[in-house]
Amino acid sequence: MAVTSEHETPIEYLTVWSDGGQVGFPLANVLEMSTTVRMKSGEVLVIGCLISNTDDTTGEFAPVLGDIPLVKYLFGYEEKTSNKRELIILLKARITNWSPEH
């Protein structure tokens, strides 16, 4: 199974002890996939298709006039961005002889 995470900000701090001690927990987006393969030593496995898309809109408009839907673009701008990312994992199998005595 391949699991990746993407940390976002801010980190959320929670009080976990009675003396007020806190622990930070980052917010994360998690991508998961699982597969079963049979490989020989030295072969490389390519795992792909962990795709994420993000859309973001930013803009700046004049006060008051920017709140009117039909004319706001005459007094400001809006920028839309779209990002597409694909995570590819390469695994190389290496079979070793192992025994608890070594």
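**Group meeting: a four-stranded chain**

Buried residues make up 11% of the 102 residues in this protein chain. Before going further, I should say that this is a predicted model. The average pLDDT over the chain is 81, and 84% of the residues score at least 70. The elements do not share one value: strand S1, residues 2-15, has the lowest mean pLDDT, at 63, and strand S4, residues 76-92, has the highest, at 90. Where pLDDT is low, the predicted coordinates should not be read in detail. Please keep that in mind for strand S1, with its mean of 63.

Now the overall layout. How many helices and strands does the chain have? There are 0 helices and 4 strands. Reading along the sequence gives the pattern β-β-β-β. If you take the contacts in the chain with a separation of 6 or more, 52% of them are between residues 24 or more positions apart. As for the surface, the accessible area of the chain is about 9100 Å², and 54% of that belongs to carbon and sulfur atoms.

Let me go through some residues, beginning with strand S2. Gly24 sits in this strand. Gly24 has a relative accessible area of 32%, so it counts as partly exposed. Which residues does Gly24 contact, leaving aside its neighbours within four places in sequence? They are Ile11, Glu12 and Tyr13. For one of these, Glu12, there is also a C-alpha distance: 5.6 Å from Gly24, with the two positions 12 residues apart along the chain.

Next to Gly24 in the numbering is Phe25, also a member of strand S2, which covers residues 22-33. Its relative accessible area is 40%, and Phe25 is therefore partly exposed. Phe25 also belongs to a nonpolar surface patch of about 390 Å², together with Leu14, Val16 and Trp17.

On to strand S3, where I have two buried residues to show. Leu50 is in strand S3. Is Leu50 buried or exposed? Leu50 is buried, because its relative accessible area is 8%, and the cut-off for buried is under 20%. The C-alpha atom of Leu50 is 7.9 Å from that of Glu32, and these two residues are 18 apart along the chain.

The second one is Ser52, again in strand S3, residues 44-61. With a relative accessible area of 19%, Ser52 is also buried. Outside its neighbours within four places in sequence, Ser52 is in contact with Asn83, Lys84 and Arg85. Strand S4 runs over residues 76-92, so you can look for those three contacts there.

Staying with strand S4, consider Leu91, which lies in that strand. Leu91 is partly exposed, with a relative accessible area of 41%. What does Leu91 touch, not counting residues up to four places away in sequence? The list is Met39, Glu43, Val44, Leu45 and Ile47. In the case of Ile47, the C-alpha atoms are separated by 8.1 Å, although Leu91 and Ile47 are 44 residues apart along the chain.

Now the aromatic rings. A pair of aromatic rings is described by the distance of the centres and the angle of the planes. How many aromatic pairs does a search of the whole structure find? It finds 1. The pair is Phe61 with Tyr73: the ring centres are 5.7 Å apart and the planes are at 80°, so this is an edge-to-face pair. Phe61 is in strand S3, while Tyr73 is in the loop between S3 and S4, so the pair ties together parts that are 12 residues apart in sequence. Phe61, at a relative accessible area of 26%, is partly exposed. Tyr73 is partly exposed as well, at 46% relative accessibility.

One last residue, from that loop. Val64 is placed in the loop between S3 and S4. Its phi is near 65°, which is a positive value in a residue other than glycine. Is Val64 buried or exposed? Val64 counts as exposed, because its relative accessibility is 63%, and the cut-off for exposed is over 50%.

To recap: the chain has 4 strands and 0 helices, the ring pair joins strand S3 to the loop between S3 and S4, and strand S1 has the lowest mean pLDDT among the elements. That is what I had for today.

How values were computed. Residues numbered from 1 in each chain as written. Predicted model: local features only at pLDDT ≥ 70, side-chain atom pairs only at ≥ 80, totals over all residues. Heavy atoms only, no water. pLDDT = per-residue confidence, 0-100. Helix = DSSP H or I, 4+ residues; strand = E, 2+ residues; numbered from the N terminus. Buried < 20%, exposed > 50% of the residue type's maximum accessible area, 1.4 Å probe, protein only. Contact = heavy atoms within 4.5 Å. Patch = residues over 30% accessible without salt bridge, like charges linked within 9 Å, V, L, I, M, F, W, Y side chains within 5 Å. Areas by Shrake-Rupley, 256 points an atom, 1.4 Å probe, with all protein chains shown as cover. Salt bridge = Lys/Arg side-chain N within 4 Å of Asp/Glu carboxyl O. Phe/Tyr/Trp six-rings, centres within 6.5 Å; stacked < 30°, edge-to-face > 60°.
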